[in-house]
Amino acid sequence: MPRNQVHLAAHFPGVNNTTVWSDPASGSHIDFESFAHFARTAERAKFDFLFLAEGLRLREHRGEIYDLDVMGRPDTFTVLHALAAVTERLGLAGTINSTFTEPYDVARQFASLDHLSGGRAAWNVVTSWDAFTGENFRRGGFLPKEQRYSRAKEQLAATAAIWDSRLGPDDRSTFSYTSGQFDIRGRFALPRSPQGRPVILQAGDSEEGREFAAAAADAIFSRHAEPGAGRAFLADVKGRLARYGRGWDDLKIMPAATFVLADTDAEAAERAETIRHQQVSPQTAIVFAEQLWNTDLSDRDPDGPLPEFDPVEGELVSKGRASVRQYRDPKAVADEWRALAAEKNLSLRETVIEVAGRHTFVGSPQTVAAAIDDAVQTDAADGYVLVPHVTPGGLDEFADRVVPLLQERGSFRTEYTGRTLREHLGLPEVATTTDPTEAATAAPGA
């Protein structure tokens with residue numbers, strides 16, 4: 001019986017606490033060579049694609065710039081176009097916000113990237129959840145939750161209409177799209193790109209997000225890396241595909257995952273513990289707690305207990321951080337943290353380390369390769385988006401020590417067999433004028 005093939009992507013990190021900035025090997029997030037090194041490593045390891053996240057406004061905490069993660073970096077499209085010139089097969093995925101952009105601009109930018117890269121472009125479609133980020137844009141751009149996915153669905157449908165207007169041999173083909181958010185018509189300035197459309201990525205985990213992904217996405221960047229949760233998520237989302245006329249393999253589920261390697265499992269566990277403490281410094285631990293308790297905790301000892309009082313209601317002290325959205329019931333989350341701390345006798349910092357750690361795979365190369373392969377063979381995931389704790393060189397040891405073992409197992413390619421990202425992922429060709437986003441626009445939660 002053929003083995004399921006593992007799909008791997010490389011996430012250039014930074015907009016979170018994953019990156020260990022104090023490590024001497026941690027490089028610039030401005031210099032192009034950092035991105036080039038990372039991309040070349042991913043390509044020599046035969047990864048499917050490289051993934052860039054994007055922040056549209058510097059985050060703030062208690063009224064000041066939050067300086068514990070990336071303080072801005074070059075524009076996503078600029079970086080991806082430059083990387084297209086130093087790679088040949090690696091897919092190039094960028095996060096572009098659907099709340100603040102217009103369909104024609106996005107269609108032209110991704111069609112340009114797809115042409116210049118020879119068919120390797122991917123769009124991670126995201127929405128914005130806060131008015132704080134919207135203040136950077138002329139019209140504000142903030143939309144209530146119930147309208148965010150409506151706009152994303154309509155924008156994806158509008159861009160598809162633009163791309164598909166160049167399907168036929170008639171260079172004078174026109175596009176037209178009207179919805180609650182858009183009323184556009186005209187002629188596209190570029191010929192049809194190698195993939196027809198870029199590969200569509202999506203990261204939403206809400207009910208609306210899952211339905212949107214089932215209707216219109218090609219891959220999901222999920223947070224369900226633990227095998228049990230991963231199987232449940234994969235079964236739920238892929239179970240929705242049939243209602244949109246899609247097959248089981250038409251959507252790839254790829255959770256974000258971190259890794260820590262060493263010669264033995266025991267050494268890897270010890271190294272992982274060190275890295276977790278580097279990732280969550282005392283200062284970072286206090287900030288994480290302030291995000292949940294929504295108040296100034298700067299006078300607290302990070303090696304002391306968690307606050308005994310409940311989270312404070314009112315204006316958020318932390319602005320622009322997506323993680324804050326996870327605290328929909330702050331009191332319940334605080335109670336969970338306190339219960340965990342009591343059970344394991346943890347300090348404030350130790351509790352944050354426990355709940356914020358993202359080391360999915362820890363062990364020797366043999367252990368990590370086996371865990372990844374087992375997850376893919378048992379439908380816990382189709383692959384993983386790997387997030388190293390150091391850039392640009394943090395992916396090197398995975399490429400050198402784990403990938404060859406996956407190849408020996410027959411679960412990962414030894415060479416690229418296609419030229420486009422759609423081919424790497426085993427996705428069907430876009431070859432008709434049928435609009436797959438029509439179902440998305442009508443999906444529940446619109």
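Contact here means heavy atoms within 4.5 Å. The model is predicted: local features need pLDDT of at least 70, side-chain atom pairs count only at pLDDT 80 or more, and totals for chains, interfaces and linings use all residues. Residues are numbered from 1 along each chain as its sequence is written, and side-chain values use heavy atoms, with hydrogens and water left out.

**Exercise 1.** State which residues Trp-123 touches, and place Trp-123 in its core.

Step 1. Leaving aside residues up to four places away in sequence, Trp-123 touches Gly-94, Ile-96, Val-106, Phe-110, Gln-155, Leu-156, Thr-159, Trp-163, Pro-198, Val-199, Ile-200 and Leu-201.

Step 2. A nonpolar core is a set of buried Ala, Val, Leu, Ile, Met, Phe, Trp, Tyr and Cys residues joined through side-chain atoms within 4.5 Å; buried means under 20% relative accessible area (1.4 Å probe, protein chains only). The largest such core has 66 residues, and Leu-8, Phe-47, Phe-110, Trp-123, Tyr-384 and Phe-398 touch the most other members.

Step 3. Helix α5 (residues 145-164) supplies the largest share of this core, seven residues. Helices are DSSP runs of H or I, at least four residues, and strands are runs of E, at least two, numbered from the N terminus.

**Exercise 2.** Locate Ser-193 and describe its surroundings.

Step 1. Ser-193 sits in the loop between β8 (183-186) and β9 (199-202).

Step 2. Its relative accessible area is 8%, so Ser-193 is buried.

Step 3. Not counting residues up to four places away in sequence, Ser-193 touches Ala-111, Asp-114 and His-115.

Conventions:
Buried < 20%, exposed > 50% of the residue type's maximum accessible area, 1.4 Å probe, protein only.
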